[in-house]
Amino acid sequence: MPAKRRRKAKKSKPKVKKSWKRKSNPVAWIWVLLAVNLVAGLVWSPITALSKVRVSGAAPDQHELIFRAIKRYEGVPRYSVATHAIESEILTNRSIASAKLEANLFGRGVIRVEQKAVVAKMDLPEGFVLADDGSVFESTFNTEGLPTLSLPQSFLKPIASPLSGWRSGAVADLSQQL
């Protein structure tokens, strides 16, 4: 019997792990770029600017102030508009208790305004009233039937102290109960 020949062991190459490199799919990249473009267009496009705004709850003499606050942002894209800045400018009118701007993506919006509740008229120059929160402001509201609040002249002087001689909140509560 012939001797078995030994086969020479072949030198095997060390096994190298294949890294999973994925070929990039150009269709997927197109969809991603399309989505980014759409979002950027919504954020920075002047098409989304406020174009029609309806005002709810404001007195006729307050409309000018409200539309002046909105006009500053004319042509500015919706998501670049500082809605709190518009609301703050509207609240500079002391007879307004709150203002809220609600706008949609298509340039339409509603400004909801709530007026302060007047509880007494002041015996000051005509038109000053006392609100339920204790603030005194000039107003064009009808004050017939409201109690008249008279203050001594010493209370009308400015006081450079947080402790004034007049507790407006307590007076407002009393006037509201009358």
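## A buried glutamine and a set of salt bridges

At 55% relative accessibility, E74 counts as exposed. Its salt-bridge partner is K71, with the side chains meeting at 3.3 Å, N to O. Please keep in mind that this is a predicted model. The mean pLDDT of the protein is 80, and 72% of its residues reach 70 or more.

**Where to trust the model**

- Confidence peaks in strand β3 (residues 108-115), where the mean is 93.
- Helix α4 (residues 168-177) has the lowest confidence, with a mean of 60.
- Where pLDDT is low, the predicted coordinates should not be read in detail.

**Q62 and its surroundings**

- You will find Q62 in the loop between β1 (52-56) and α2 (63-71).
- Q62 is buried because its relative accessible area is 1%, and buried means under 20%.
- One polar contact runs from the side chain of Q62 to the side chain of S95, at 2.9 Å.
- Another polar contact, of 2.7 Å, joins the side chains of Q62 and Q115.
- Leaving aside residues up to four places away in sequence, Q62 touches N93, S95, I96, V113 and Q115.

**Salt bridges: the K71–E74 pair**

- The count of salt bridges comes to five, and K71 with E74 is one of the pairs.
- K71 has a relative accessibility of 56% and E74 one of 55%, so both count as exposed, the cut-off being over 50%.

**Salt bridges: the R112–E102 pair**

- R112 forms a salt bridge with E102, and their closest N and O atoms are 3.4 Å apart.
- This pair links distant parts of the chain, with R112 in strand β3 and E102 in strand β2 (residues 96-103), ten residues apart.
- R112 is partly exposed at 38% relative accessibility, and E102 is also partly exposed, with a relative accessible area of 38%.

**Salt bridges: the D133–K116 pair**

- The side chains of D133 and K116 meet in a salt bridge at 3.7 Å, N to O.
- Distant parts of the chain are linked here too: D133 sits in the loop between β5 (128-131) and β6 (136-138), while K116 sits in the loop between β3 and β4 (118-122), 17 residues apart.
- D133 is partly exposed, with a relative accessible area of 48%.
- K116 is buried, because its relative accessible area of 16% falls under 20%.

Conventions: Residues are numbered from 1 along each chain as its sequence is written. Side-chain values use heavy atoms; hydrogens and water are left out. pLDDT is the predictor's confidence in each residue, from 0 to 100. Helices (H or I, at least four residues) and strands (E, at least two) are DSSP runs, numbered from the N terminus. Buried means under 20% relative accessible area, exposed over 50%, partly exposed in between (1.4 Å probe, protein chains only). A polar contact is a pair of N or O atoms within 3.5 Å; within protein, one must be able to donate a hydrogen and the other to accept it, and residues adjacent in sequence count only if both atoms are side-chain atoms. Contact means heavy atoms within 4.5 Å. A salt bridge is a side-chain nitrogen of Lys or Arg within 4 Å of a carboxyl oxygen of Asp or Glu.
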